[in-house]
Amino acid sequence: MPNNITRDEIADFINKEFGLTKIDCNGLVNNILEEIILGLNKHKIVKIHNFGTFKLKRKKARIGRNPKTKVDVMIAPRNVISFIPSRHILKKLNESMNEK
């Protein structure tokens, strides 16, 4: 099983499961992802019931070190996204681990 799932794979699943056209499925996937991004930009947090919570966090500028050259480098401030899975998702994951 692959480690990454592409937008096209999600759209293919929706297409097979619900019979929508490929164009509609791709649009649906893109709209969902765009809404998550807009929600993070506006509110810094997006909660999806029974799935999890995306949080936008700001990291400050800091000094890092290149491990190869040992030269100090300034790392610019940036935004990072964290994801906290819901209890429902964690329960499902733990159930599937116990079955193996």
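## Exercises: an aromatic cluster and its surroundings

At 37% relative accessibility, Phe51 counts as partly exposed. The model is a predicted one. The exercises start from Phe51 and work outward.

### Exercise 1. The rings around Phe51

Task: find the aromatic partners of Phe51 and classify each pair by the angle of its planes.

Solution.

Step 1. Search the whole structure for aromatic pairs. The search returns three.

Step 2. Take Phe51 with Phe54. The ring centres are 6.4 Å apart, inside the pairing limit of 6.5 Å. The planes stand at 35°, so this pair is tilted.

Step 3. Take Phe51 with Phe83. Here the centres are 5.3 Å apart and the planes stand at 50°, so this pair is tilted too.

Step 4. Place the second pair in the fold. Phe51 sits in the loop between strand 1 and strand 2, while Phe83 belongs to strand 5. The pair therefore ties together parts that are 32 residues apart in sequence.

Step 5. Join the results. Phe51, Phe54 and Phe83 make up one aromatic cluster.

### Exercise 2. Buried or partly exposed?

Task: assign Phe54, Phe83 and Leu90 to an accessibility class.

Solution.

Step 1. Phe54 has a relative accessible area of 17%. The cut-off for buried is under 20%, so Phe54 is buried.

Step 2. Phe83 comes out at 37% relative accessibility. Between 20% and 50% a residue counts as partly exposed, so Phe83 takes that class.

Step 3. Leu90 has 39% relative accessibility and is also partly exposed.

Step 4. Locate Leu90. Its place is in helix 3, residues 87-99. Leu90 is 39 residues from Phe51 in sequence, yet the C-alpha to C-alpha distance is 9.2 Å.

### Exercise 3. The three-stranded sheet

Task: give the strand order of the open sheet and name its edges.

Solution.

Step 1. Read the order. The three strands run 1-2-5, with antiparallel pairing, and the sheet is open.

Step 2. Pick out the edges. Strand 1 (45-48) and strand 5 (78-85) each pair on one side only.

Step 3. Add the twist. From one strand to the next it averages 20°.

Step 4. Check the pairing of strand 1 with strand 2 (residues 52-59). Four bridges join these antiparallel strands. Ile48 has Gly52 as its bridge partner in strand 2. Val46 stands opposite Phe54, the buried member of the cluster.

Step 5. Add the helix. Helix 2 (residues 22-43) lies across strand 1, strand 2 and strand 5. Helix 2 runs at about 135° to strand 1.

### Exercise 4. Positive phi on either side of strand 1

Task: state where Lys44 and Asn50 lie, and give the phi of each.

Solution.

Step 1. Lys44 lies in the loop between helix 2 and strand 1. Its phi is positive, about 70°, although Lys44 is not a glycine. Lys44 is partly exposed, at 45% relative accessibility.

Step 2. Asn50 lies in the loop between strand 1 and strand 2. That hairpin has three residues between its strands, and Asn50 takes a positive phi near 60°. Asn50 is partly exposed, at 40% relative accessibility.

### Exercise 5. The other hairpin

Task: describe the pairing of strand 3 and strand 4.

Solution.

Step 1. Strand 3 (residues 62-65) and strand 4 (residues 72-75) pair in the antiparallel sense, over four bridges.

Step 2. Name one bridge. Arg62 has Ile75 as its partner in strand 4.

Step 3. Inspect the turn. Six residues lie between the strands, and Lys70 takes a positive phi near 65°.

### Exercise 6. Helix 1 against helix 2

Task: which class and which hand does the crossing of helix 1 and helix 2 have?

Solution.

Step 1. Get the geometry. The axes of helix 1 (residues 7-18) and helix 2 come within 8 Å and cross at roughly 125°.

Step 2. Assign the class. That angle makes helix 1 oblique to helix 2.

Step 3. Assign the hand. The crossing is right-handed.

Step 4. List contacts. The helix 1 side includes Ile10, Ala11 and Ile14. The helix 2 side includes Cys25, Leu28, Val29 and Leu33. Polar and charged names also appear in the contact set, among them Arg7, Asp8 and Asn15 in helix 1, and Lys22, Asn26 and Asn30 in helix 2.

Methods: Residues numbered from 1 in each chain as written. Predicted model: local features only at pLDDT ≥ 70, side-chain atom pairs only at ≥ 80, totals over all residues. Heavy atoms only, no water. Pairing = 2+ DSSP bridges. Helix = DSSP H or I, 4+ residues; strand = E, 2+ residues; numbered from the N terminus. Axes fitted to C-alpha atoms, helices over the stretch in contact; angles between N-to-C directions. Contact = heavy atoms within 4.5 Å. Phe/Tyr/Trp six-rings, centres within 6.5 Å; stacked < 30°, edge-to-face > 60°. Buried < 20%, exposed > 50% of the residue type's maximum accessible area, 1.4 Å probe, protein only. Parallel < 35°, antiparallel > 145°, perpendicular 65-115°, else oblique. Left-handed = near helix turned anticlockwise from the far one by under 90°.
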